[in-house]
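Student: Please take me through one helix packing contact in this model, residue by residue. Then use it as a starting point for the other features worth checking.

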Amino acid sequence: MYRTSYGGLQLDRPMLAPESEITGFGASLVDLFDLLVSLPARVSGGDLRGYCARLGMDDRLADLACRGDRHDLPVYARADAYHDGNGFQLLELNVGSELGGIDTAQVNRAFLQVPAFADFAERHDLRHLDTLPRTARALRTAAREVTSGEPVIALIESNGGLAAHQHVFVAIQEAMAGLGIVLLLGELDELGERAGKVTLRGTPVDVILRYFVAGELVDDPAGQRVLDLVLRARDTVLFAPLSAAAFASKGSLAMLHEPDVAGTLSAGERALVDRIVPWTRLLAGADPELVERCRDEREELVLKPGIGYGGVGTVVGHEVSDEEWHHALAERTTGDHVVQRRVRPATESVMDADTGAIDEWVANWGIFVDADGYAGGFVRALRPEHGAVVSYSNKGTRGTCVFTAP
């Protein structure tokens, strides 16, 4: 099923990273996660709804994100990062359970089944970390709240979401089966409740692996009613809560650079932000001096929605004219939009397996972390001439796995 989903999108080689560098970045991401979840206490006295308002989040979206808010948000995230030749720089931190790429180690194993590559990997002591067992461990840990046995886990999408991407979820289901987890697949409207337990098509569920997001429920009253049912259920765990959206917002990265928030950071926290988070600022309510700076520095800046996926809504300064840039800035002074300093990624040389031609590609590193740090990674790559947004929404993007070297 993984071959069916991604076989035509594979890059011709894996990516390689020094193990100490990528694990060090993972440790920094865990520290950053802790810093991000501390922001509501620093900004709004611990009031998550007030924090969402400061981010410029849509009111209806914020209301959903705050339903069933839990302060013990599990460390489960994926960074999207560029390597600038000196180190990894964070573009965004995807916080929550709806993460793509958790089954990419299927590709690592496939490479290792090729004798020539297996020999190469052995000679250079190449290794890989499979993200899926770490995900399975997190799900089993969450399930301890409601069961002492092997949990029943259901991956739940919004209504219509599973049908649209079923081959992707069946690939995850296939990989989970190798870890002894029977992963059920379903949509919100297939859920019910019996004796305090959420059911999927009548089967009691211990843990819901949430792949629906708050934005999909804003205009779905029926989906919101099911969400309330899930939140009321005392014997089913939702992994992870919708409040994760507040910290996944790029506005949370911008908050770290807001003057009143930056002043609350310790010396160590400031060093962490300076090291891995490019300068990012909120545009809503920005003072004229900041807006003028953004107008002047077009070629070094990128405009992004605070909450968004696949690069949708992104405006890359060096790809547009001054007039287009000024118009884009004017349109984004309300809502949750941010401006971020452009990261110039070092390119990766990739040989075409058919022709032998070598081209340079830009690599967007997806780096997973949990409470124990680095939890595996994968890469999406794009030739620079095909655009600046490296995402599967860009048809030129290809994917591959990551091996580490000592």
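Tutor: Start with the crossing of H2 and H16, which is left-handed. Keep in mind that this is a predicted model. Helix H2 covers residues 19-37, and helix H16 covers residues 267-276. Their axes come within 11 Å and cross at roughly 125°. An angle over 145 degrees would count as roughly antiparallel, and 65 to 115 as roughly perpendicular. The crossing falls in neither range, so H2 and H16 are oblique to each other.

Now the side of H2. Phe25, Ser28, Leu29, Asp31, Leu32 and Leu35 make the contact from this helix. On the H16 side, their partners are Glu269, Leu272, Val273, Arg275 and Ile276. Sort these residues by class and you get seven nonpolar, one polar and three charged. The polar one is Ser28. The charged ones are Asp31 from H2, with Glu269 and Arg275 from H16.

Set a second helix pair beside it. Helix H17 (residues 288-296) and helix H18 (residues 322-331) have axes that come within 10 Å. They cross at roughly 150°. That is over the 145 degrees cut-off, so H17 and H18 are roughly antiparallel to each other. Their crossing is right-handed. H17 brings Val291, Cys294 and Arg295. H18 answers with Trp325, His326 and Leu329. This contact has four nonpolar residues, one polar and one charged. His326 is the polar one, and Arg295 is the charged one.

Next, the empty space. Begin with the second largest pocket, which holds about 390 Å³. Its lining has 16 residues. Tyr2, Arg3, Gln106, Val107 and Ala110 lie nearest the centre. Two elements give two or more residues each to this lining: helix H1 (2-6) and helix H6 (105-112). By class, the lining has eight nonpolar, five polar and three charged residues.

H6 also helps to line a cavity. The structure holds one cavity of 30 Å³ or more. The largest cavity has a volume of about 60 Å³. It is lined by 13 residues, with Ala105, Asn108, Leu129, Thr131 and Gly377 closest to its centre. H6 and strand S17 (373-382) each give two or more residues to that lining. The largest share, three residues, comes from S17. Here the classes are five nonpolar, seven polar and one charged.

Finish with the backbone. Two loop residues deserve a look. Most residues other than glycine have a negative phi, and most peptide bonds are trans. Asp125 has a positive phi of about 55°, although it is not a glycine. You will find Asp125 in the loop between helix H7 (115-123) and helix H8 (131-143). The other case is a peptide bond. From Phe239 to Ala240 the bond is cis, with omega near -5°. Ala240 sits in the loop between strand S10 (237-239) and helix H13 (244-248). Phe239 is the residue that ends S10.

To go back to your starting point, display H2 and H16 together. Pick out Leu29 and Leu32 on H2, then Leu272 and Val273 on H16, all among the contact residues. Then turn the view and check the left-handed crossing.

Key
Residues are numbered from 1 along each chain as its sequence is written. This is a predicted model: local features need pLDDT of at least 70, side-chain atom pairs count only at pLDDT 80 or more; totals for chains, interfaces and linings use all residues. Side-chain values use heavy atoms; hydrogens and water are left out. Axes are lines fitted to C-alpha atoms, for helices over the stretch in contact, and angles run from 0 to 180 degrees between N-to-C directions. Helices (H or I, at least four residues) and strands (E, at least two) are DSSP runs, numbered from the N terminus. Angles under 35 degrees count as roughly parallel, over 145 as roughly antiparallel, 65 to 115 as roughly perpendicular and the rest as oblique. A crossing is left-handed if the near helix is turned anticlockwise from the far one by less than a right angle, and right-handed if clockwise. Contact means heavy atoms within 4.5 Å. On a 1 Å grid over the protein atoms alone, a cavity is a set of points where a 1.4 Å probe fits but cannot get out, and a pocket is an open set with protein on both sides within 12 Å along at least five of seven lines; lining residues have an atom within 4 Å of a point. Grid points are joined across faces, edges and corners, and a volume is the space filled by probe spheres set on the points.
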